[in-house]
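I opened the notebook to look up how protein and DNA meet in one model. I kept to short entries, one topic at a time.

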There are 2 protein chains.
Amino acid sequence: MDTSIVDDFVDSWGSMGSLWGVNTSVARVHGLLIATESSWCLDDIAQRLGISKSNVSTSLKELRSWGVIKKTFLSGDRREFYVCEPDVWKMLFSIMRERKKREFDPLVSNIQAILENAKESPDGIALERLKQMEQMLETFHALATKLLSSENQARAIISFFMNK
Amino acid sequence: MDTSIVDDFVDSWGSMGSLWGVNTSVARVHGLLIATESSWCLDDIAQRLGISKSNVSTSLKELRSWGVIKKTFLSGDRREFYVCEPDVWKMLFSIMRERKKREFDPLVSNIQAILENAKESPDGIALERLKQMEQMLETFHALATKLLSSENQARAIISFFMNK
DNA sequence: TCCTTTGTTCACTTATTTCTGAACATACCA
DNA sequence: TGGTATGTTCAGAAATAAGTGAACAAAGGA
């Protein structure tokens, strides 16, 4: 098995974990599942990537929480195996949905709550600007909600838009 | 001056620096400039946020590199003052453009380069999936390039889309 | 039952990032 | 020229995040 392509992909995917907010190990484990066709058990992943079992265990837990991998079972084998979502668009949408839920939504709620208490326009505060910010965030929130509600719909919209 | 709203906003904005990849101090300084109408000099920012001058200095440098603040001068005052971009949409677009350039573009190049060397479809590698990934990334790249080329155009597209 | 395999948790180590104060540079003014 | 105000850089400190190994738990199988 020619492993260099897999290694390269794992490195590349690992180094961009920051784009969606996970650490290198998590992204590397994910990269390994993406780049290979087989399903992997914990020990094999640890050996293949040269990291500890406990690290793999927590990384897999994290990847499950993002909804981008799933367990599989081989008959007669007690171990848990993992594969990633084969559809790359579905994968990306899972990540974006989760990231929105975890980081963007709370921000929007926060800003809304802050502006609730700011009806009286006190001195020195750029209240107009903060209101524009709130509106912008709400627009993005609505846009993201709409786009992320269905991969297929979003893909159609993107193609339509790109062909104009 | 009622500072609690500013403080709340600074906290909120500071805690979401990770969304666009800057640390808390950088985001807090930015938050302060966003939430207030005045222009700020280094020392006053340090005092207001309770952080060191050197931290403010590097944070301002970082914010300049993202293109989200600019220097102003008061006549008869030797100090450098800073204000943020008043248009929140322009601000957001600056951040997105810069983040794309710094993190997304290199990823796309990487994946492309890796797949260059993978014409022969070796065993155990999900080559089809990696090609789909590459295509998806290229689609997003094209989409982002188009959307980020003009705030006004993008805003028009978003409104059009949201009203359908 | 006891042993083995598998996976998780957690206290601790290691690595990385962030922040600071001091030293330095620069520009202006007296 | 010296003195003061302003801003930057950088080595090290402090804080935070990540990774490890050992202990533990659970589940089969002999």
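The entries below go through the two DNA strands in turn.

**Entry 1: the model.** I noted before anything else that this is a predicted model.

**Entry 2: the surroundings of DNA strand D.** I asked which residues come nearest to DNA strand D. I found 16 residues around DNA strand D, and the nearest are A:Ser25, A:Ser52, A:Ser54, B:Ser57 and B:Glu80. I then looked at the DNA side: of the atoms of strand D that come within 4 Å of the protein, 63% belong to sugar and phosphate.

**Entry 3: polar contacts of DNA strand D.** I looked up three atom pairs that involve a phosphate oxygen of strand D. For A:Ser52, the partner is a backbone N or O atom, 3.0 Å from a phosphate oxygen of DNA strand D. For A:Asn55, an N or O atom in the side chain is 3.3 Å from a phosphate oxygen of DNA strand D. For B:Arg79, I read 3.4 Å between a polar side-chain atom and a phosphate oxygen of DNA strand D.

**Entry 4: helices and classes at DNA strand D.** I checked which helices supply the surface near DNA strand D. Helix H5 (53-65) of chain A and helix H5 (53-65) of chain B each give at least two residues. The largest share is that of H5(B), with five residues. Sorted by class, I wrote down two nonpolar, seven polar and seven charged residues for the surface near DNA strand D.

**Entry 5: the surroundings of DNA strand C.** I turned to DNA strand C and found 16 residues that surround it, with A:Ser57, A:Arg78, A:Glu80, B:Ser25 and B:Ser54 as the closest. Sugar and phosphate make up 65% of the atoms of strand C that come within 4 Å of the protein.

**Entry 6: polar contacts of DNA strand C.** I asked which part of DNA strand C the side chain of A:Arg78 meets, base or phosphate. An N or O atom of that side chain is 2.6 Å from a base oxygen of DNA strand C. The side chain of B:Ser54 also has an N or O atom 2.8 Å from a base oxygen of DNA strand C. For the side chain of B:Ser25, the partner is a phosphate oxygen of DNA strand C, 2.9 Å from an N or O atom.

**Entry 7: helices and classes at DNA strand C.** I noted that H5 of chain A and H5 of chain B each supply at least two residues of the surface near DNA strand C. Here H5(A) has the largest share, five residues. By class, I recorded two nonpolar, seven polar and seven charged residues for the surface near DNA strand C.

Notes
Residues numbered from 1 in each chain as written. Chains lettered and ligands numbered in written order. Predicted model: local features only at pLDDT ≥ 70, side-chain atom pairs only at ≥ 80, totals over all residues. Heavy atoms only, no water. Near = heavy atom within 4 Å. Polar contact = N/O pair within 3.5 Å; in protein donor to acceptor, adjacent residues only side chain to side chain. Helix = DSSP H or I, 4+ residues; strand = E, 2+ residues; numbered from the N terminus. Nonpolar A, V, L, I, M, F, W, Y, C, P; charged D, E, K, R; others polar.
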